Amino acid sequence: MDTNTNTSGSGWTTQTNKRNLSSSSNATSNPSSPTPTNQKKKNKKIFATPNRFQSLSQDEPSQKLPNEVNPLDCAETDEVDEVFKPPPPIFIKNVIDFPGLCSALIEEIGVDNFICKSSNDSLKIQTSTPAAYRALVRYLKAEEAEFHTYQLKEDKPLRVVIRNLHPSTPLDLIKDELKIRLFEVRQVTNVLHRVNKNRLPLFFVDLEPTHRSKEIFQLTSFLHTKIKIEEPYKPKIISQCYNCQQYGHTKAYCGYQPRCVRCGADHLSPDCPNSSDVPPKCALCSGNHPANYRGCTIHKDLQRRKRLNSTSNFLHVNTFPKPINVQGSHPSKNNSDKQQPTQTQTYAQATSNTPFDHTLPPAGSEHVPDINKMLTGFLADFKTIINPLMETLVKVISSLSNLLNN
């Protein structure tokens, strides 16, 4: 250790710094350095998957069409949404560690951006913002969880129907004409007849959900044709998923294991190895019919519940109120002072030569029938029925007595 004496003679000395330690020595002396014992533990399993070795299997070929886009892939974008509408809920099945799931969701989307509600077969998660919804969908896809959800309202296109446009009109011509009118067109489809598959003068047009999209309803002429723009009719049937064959959601927003529509096995419907001679088996009720059969007991039960819910809402509204009797609402001073109905002269009485009697008949005499006439008619009818019976009864008794005497 070297010391330097101050030349001014003040009596103090200056000590130089010690030798700096090497980086290797610092690493050994630092207790917070990563060691094999302090490595991060493996995450605990949160979801129950049907196949433990699914990650080792080869990926199945994609079933997308050439121009088809999976809406769940759109959840990969981290765009900030300006519309603060409640996103659709997400239903998750086979959750085996709920506290672990909550901790993971807090790290992914924040502590105040979701709320859960548990049922018998699934866990419902409601997010607060579209960004949290997309982040949750991205997390569930990465964890290979079984879930289903619905489309965001801001991602859903505005679908309209163009009527009275000739079926031979090219779809590209319709799309180009709408783009000239500053509409952002996503897809144009010609409607076919349900039975003979002939082209109809109806076209479905899907527009991007912009502030200008609703102006299309103001169009009255298009491509030199007088047209009518309408909203499409809502289907009365329950939607069915073509991936898992369950009701209530669609294939585009399904994260469940695929099930065959014909044999009910755990594979996609186009990959079914069975021939057409093999009897089908329903994936929902195990009946001898395909899963999309409308006569399935599961489908009938869901349709019955839907009809009951729609009719119950109607019964609660009193659409046929009873008329109010204004005359009877006023209290009378005395029962004897009740107003009698005024008698009017008929057309036959006015044209006849007999004078019209303005005196009122006794109270209630107009609506009371003649009791004597009714009883006389009843007795006459009764005699016509009972007399033949009496004669027949006498003959039977006499014949019986003759048999007994013999």
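**Entry 1: strand 3 and strand 6**

I started at Phe91 and looked for its partner across the strands. Phe91 stands opposite His148 in strand 6. The model I am reading is predicted. I then counted the bridges between strand 3 and strand 6: there are 3, and the pairing is antiparallel.

Next I looked up the sheet around this pair. It is an open sheet of 4 strands in the order 4-5-3-6, paired antiparallel. Strand 4 and strand 6 are the edges; each has a single partner strand, so one side of each has no neighbour in the sheet. Ignoring direction, neighbouring strands here are turned by 25 degrees against each other on average.

**Entry 2: strand 4 and strand 5**

I moved to the other end of the strand order. Strand 4 covers residues 114–118 and is joined to strand 5 by 5 bridges, with the two running antiparallel. How many residues does the hairpin from strand 4 to strand 5 pass through? I find 4 residues in that connection. I also noted one facing pair: Ile115 stands opposite Gln126 in strand 5.

A reminder to myself on side chains. In a regular strand they alternate between the two faces of the sheet.

**Entry 3: helix 3 over the sheet**

I asked what covers these strands. Helix 3 lies across strand 3, strand 5 and strand 6, and I read its angle to strand 3 as about 20 degrees. The helix spans residues 130–142, which is 13 residues. From first C-alpha to last it reaches 18 Å, close to the 18 Å expected at 1.5 Å a residue.

Which residues of helix 3 are buried? I list Pro130, Ala132, Tyr133, Arg134, Ala135, Leu136, Val137, Tyr139 and Leu140. I checked what they pack against: strand 3 (90–93), helix 2 (98–109), strand 5 (123–127) and strand 6 (146–148).

The periodicity is worth writing down. An α-helix has 3.6 residues a turn, so residues three or four places apart point the same way.

Arg138 is not in that buried list, and I looked it up separately. Arg138 sits in helix 3. Is Arg138 buried or partly exposed? Its relative accessible area is 25%, so I call it partly exposed; buried would need under 20%. I also took a distance from Arg138 to Glu108. Their C-alpha atoms are 9.8 Å apart, with the two positions 30 residues apart along the chain.

**Entry 4: two positive phi values**

I went on to the backbone. Most residues other than glycine have a negative phi. I found two exceptions to write up.

Glu144 comes just after helix 3. Its phi is near 55 degrees, positive although the residue is not glycine. Glu144 lies in the loop between helix 3 and strand 6. Its relative accessible area is 43%, so it is partly exposed.

Gln245 has a positive phi of about 70 degrees, and it is not a glycine either. I place Gln245 in the loop between strand 10 and helix 5 (297–315). Is Gln245 buried or exposed? At a relative accessible area of 2%, Gln245 is buried.

**Entry 5: the sheet of strands 7 to 10**

I then turned to another open sheet. It has 4 strands in the order 8-9-7-10, again with antiparallel pairing. Strand 8 (185–192) and strand 10 (228–230) are its edges, each pairing on one side only. The twist averages 25 degrees from one strand to the next.

I checked one pairing in detail. Strand 7, residues 158–163, meets strand 10 in the antiparallel sense over 3 bridges. In this pairing Ile162 stands opposite Ile229 in strand 10.

Which helix lies across strand 8 and strand 9? It is helix 4, residues 171–180. Helix 4 runs at about 140 degrees to strand 8, and strand 9 covers 199–207.

**Entry 6: chain totals**

Last, I read off the totals for the protein chain. I count 8 helices and 10 strands. Of the 406 residues, 22% are buried. The accessible surface comes to about 31400 Å², and carbon and sulfur atoms hold 55% of that area. For contacts between residues at least 6 apart in sequence, 58% join residues at least 24 apart.

Methods. Residues are numbered from 1 along each chain as its sequence is written. This is a predicted model: local features need pLDDT of at least 70, side-chain atom pairs count only at pLDDT 80 or more; totals for chains, interfaces and linings use all residues. Side-chain values use heavy atoms; hydrogens and water are left out. Two strands pair if DSSP finds at least two bridges between them. Axes are lines fitted to C-alpha atoms, for helices over the stretch in contact, and angles run from 0 to 180 degrees between N-to-C directions. Contact means heavy atoms within 4.5 Å. The expected span of a helix is 1.5 Å times one less than its number of residues. Buried means under 20% relative accessible area, exposed over 50%, partly exposed in between (1.4 Å probe, protein chains only). Accessible areas come from the Shrake-Rupley method with a 1.4 Å probe; for residues, only the protein chains shown count as cover.
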